[in-house]
Amino acid sequence: MREVRIRDTLSGELRTLSSDEEVGIYACGPTVYSRIHIGNARPFVVFSLLARFLRTEGYRVKLVINVTDINDKIYEAAREAGEPSAGFAERMTRAYFEDTDRLGLGRPDAEPLATETIDGIVGLTSELIESGHAYESGGDVYFRVRSFDGYGELSNRKPEDMDQGEEAGSESLKEDPLDFALWKAHKEGEDTSWDSPWGPGRPAWHIECSVMAEEELGPSFAIHGGGSDLVFPHHENEIAQSEAAGRPFARAWMHNGMIETDAAKMSKSEGNIFQLSEALDRYGREAVVAYLLSGHYRQPLAFGAEQMEQALARVERLRNFFREHPVGEPGGPPLGTRVESSGAGSGRAGSQVPIGGPPGSRVEAFREALADDFNTPRAMAEVSELVAEANREEIPGAPEAAQEMLELIGLGSLAEVEEGADAEADALLAEREEARAAKDFGRADEIRDRLAELGWEVRDTSDGAKLIRKS
Ligand SMILES: [Zn+2]
């Protein structure tokens with residue numbers, strides 16, 4: 001089993017994952033107050049593919065990505081939409097599942113909802129009150145920050161520089177401005193509440209994740225992840241709550257950088273494609289996934305139409321490679337042949353991939369890049385270089401090796417070359433081209449919809465329109 005290292009935000013050091021036990025990964029999912037955007041898709045893609053990679057290396061993995069479906073922002077958005085907040089949150093949760101399904105990466109092993117975790121939240125809050133780490137005040141419950149020694153270590157902040165944000169609660173009810181809410185008493189205008197020993201109310205955001213992580217993964221687990229905007233106060237407070245209650249909690253913290261947008265462009269043309277569903281409509285799932293993997297997960301990633309076009313061009317180059325070099329052609333190795341990295345391998349019958357030759361060493365370098373703090377840009381460069389070489393001269397086993405690598409990062413479908421569109425689809429595509437040439441865009445759109453019904457997606461590439469079998 002390959003050694004896999006992850007940079008831990010808390011210690012700043014590389015942590016080697018243990019293969020002796022299940023690798024539990026908890027990543028903070030979206031707060032469902034609107035359709036999700038590309039920024040929410042980044043942790044979903046990174047942690048889904050990290051889990052996939054670890055499994056192919058033989059690790060046992062459980063991936064948990066929660067849904068925050070109780071929150072101030074949800075009450076506000078539901079009020080604006082003129083809907084009950086519970087129904088609104090349910091609708092947005094469904095939309096989140098649909099949008100992320102379209103990424104084609106499967107679902108996490110567990111996707112707990114805050115609304116289904118209330119008993120555990122009341123339980124942990126009660127424990128913290130009993131041990132003196134929390135106190136009830138006016139129907140709210142607050143965490144006593146100065147009772148927990150390690151506070152501030154994750155975010156490297158001094159207590160004086162801390163602003164508790166939306167869970168700061170009511171200053172007049174707190175012992176210390178630094179304290180944050182665990183439970184909030186029911187307020188006028190909120191249309192949901194739950195019973196508790198402190199009266200009707202609802203959980204605050206941070207304690208939801210402490211409890212969901214423990215219920216799914218136990219009191220100690222390998223990796224806690226999420227966006228770097230969650231380091232303070234959300235993750236700092238999760239550590240305080242769980243560790244003050246005697247849980248060891250996460251052994252490594254893994255934070256993805258933010259997606260950076262240009263405010264001027266976003267307000268005009270690019271605002272739409274920032275929504276995940278719109279980006280998927282316009283560029284297709286492979287380009288969206290390729291874009292999100294184009295930078296190292298820890299780094300910020302610039303977003304705009306330009307970056308999306310680059311990602312699209314990249315996936316089209318790969319697709320074209322497989323059009324010209326189909327996987328599993330006669331004379332090539334059978335589909336799914338694993339490339340052995342060491343000479344003493346089992347030497348599966350029929351494998352013609354030269355051991356240690358170019359494709360084999362590329363796959364090895366690709367996996368090593370992923371094992372080294374999940375370096376996806378370095379891994380993707382291995383695919384690009386192999387494809388560029390194989391385009392210059394025939395390399396036996398190159399298409400199969402490229403497919404194996406792409407499969408690991410959710411892009412294996414690029415190797416599924418369309419089996420020749422049927423006559424009806426071809427005729428429709430030609431008709432669409434005529435309509436576009438005649439600037440009859442209404443007719444062109446009708447034909448695009450008809451092709452979609454037949455299972456074809458039209459992609460307008462620099463080489464003209466192409467039909468892609470929808471995944
Ligand atoms: Zn969280």
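**Exercise 1.** Does Lys439 count as buried or exposed? Work this out for the predicted model, and describe the backbone and the place of Lys439 in the chain.

*Solution.* Begin with the location: Lys439 sits in the loop that runs between α14 (423–437) and α15 (441–453). Next, consider the backbone, where phi of Lys439 is positive, at about 60 degrees, although Lys439 is not a glycine. Finally, compare the accessibility with the cut-off, which is over 50% for an exposed residue; the relative accessibility of Lys439 is 63%, and therefore Lys439 counts as exposed.

**Exercise 2.** Find where Phe249 lies, state what is notable about its phi, and decide whether Phe249 is buried or exposed.

*Solution.* The location comes from the strand assignment, in which Phe249 belongs to strand β10, made of residues 249–256. The phi of Phe249 is near 65 degrees, which is a positive value in a residue other than glycine. For the last step, a residue is buried when its relative accessible area is under 20%; Phe249 has a relative accessibility of 2%, so Phe249 counts as buried. The strand as a whole can be treated in the same spirit: seven of the eight residues of β10 are buried, so β10 is largely enclosed by the rest of the structure.

**Exercise 3.** Describe the sheet that contains β10, giving the order of its strands, its edges, and the helix α6 that packs on it.

*Solution.* First, write down the order, which is β4-β3-β9-β10, an open sheet of four strands with parallel pairing. Second, identify the edges: β4 (61–65) and β10 are the edge strands, since each of them pairs on one side only. Third, look at the twist, for which neighbouring strands of this sheet are turned by 20 degrees against each other on average, with direction ignored.

Fourth, examine the individual pairings. Strand β3 (residues 23–27) runs parallel to strand β9 (residues 220–227), and three bridges join them; Tyr26 has His224 in β9 as its bridge partner. On the other pairing, β9 and β10 are parallel over seven bridges, and Gly226 stands opposite His255 in β10. As general background, strands of a sheet pair through backbone hydrogen bonds, either parallel or antiparallel.

Fifth, add the helix: α6 packs on the sheet and touches β9 and β10, and the direction of α6 makes about 175 degrees with that of β10. Helix α6 covers residues 231–244 and includes Pro233, and the peptide bond from Phe232 to Pro233 is cis, with omega near 0 degrees.

**Exercise 4.** Classify the packing angle of α2 with α3, and that of α4 with α5, and list the residues that make each contact.

*Solution.* Take α2 (residues 72–81) and α3 (residues 85–101) to begin with: their axes come within 9 Å and cross at roughly 100 degrees. Angles of 65 to 115 degrees count as roughly perpendicular, and that makes α2 roughly perpendicular to α3. In this contact, Ile74, Tyr75, Ala77, Ala78 and Ala81 of α2 meet Ser85, Phe88 and Ala89 of α3, and these residues divide into seven nonpolar, one polar and no charged.

Now take α4 (residues 118–130) and α5 (residues 205–217), which pack at an angle of about 110 degrees with their axes 9 Å apart. By the reasoning used above, α4 and α5 are therefore roughly perpendicular to each other. The contact involves Gly120, Ile121, Leu124, Thr125 and Leu128 from α4, together with Ile207, Glu208, Ser210, Val211 and Glu215 from α5; the division here is five nonpolar, three polar and two charged.

**Exercise 5.** For Ser277 and His296, determine the surroundings of each residue and name one polar contact that each makes.

*Solution.* Ser277 is part of helix α8 (residues 276–283), and with a relative accessibility of 6% Ser277 counts as buried. Leaving aside residues up to four places away in sequence, Ser277 touches Arg35, Asp99 and Arg102. The side chains of Ser277 and Arg35 are joined by a polar contact of 3.4 Å.

His296 lies in the loop between α9 (285–292) and β12 (301–302), and His296 is buried, with a relative accessible area of 15%. With residues up to four places away in sequence again not counted, His296 touches Arg42, Asp373, Phe374, Asn375 and Pro377. A polar atom of the His296 side chain lies 2.8 Å from the backbone oxygen of Asp373.

Terms used:
Residues numbered from 1 in each chain as written. Predicted model: local features only at pLDDT ≥ 70, side-chain atom pairs only at ≥ 80, totals over all residues. Heavy atoms only, no water. Axes fitted to C-alpha atoms, helices over the stretch in contact; angles between N-to-C directions. Helix = DSSP H or I, 4+ residues; strand = E, 2+ residues; numbered from the N terminus. Parallel < 35°, antiparallel > 145°, perpendicular 65-115°, else oblique. Contact = heavy atoms within 4.5 Å. Nonpolar A, V, L, I, M, F, W, Y, C, P; charged D, E, K, R; others polar. Buried < 20%, exposed > 50% of the residue type's maximum accessible area, 1.4 Å probe, protein only. Pairing = 2+ DSSP bridges. Polar contact = N/O pair within 3.5 Å; in protein donor to acceptor, adjacent residues only side chain to side chain.
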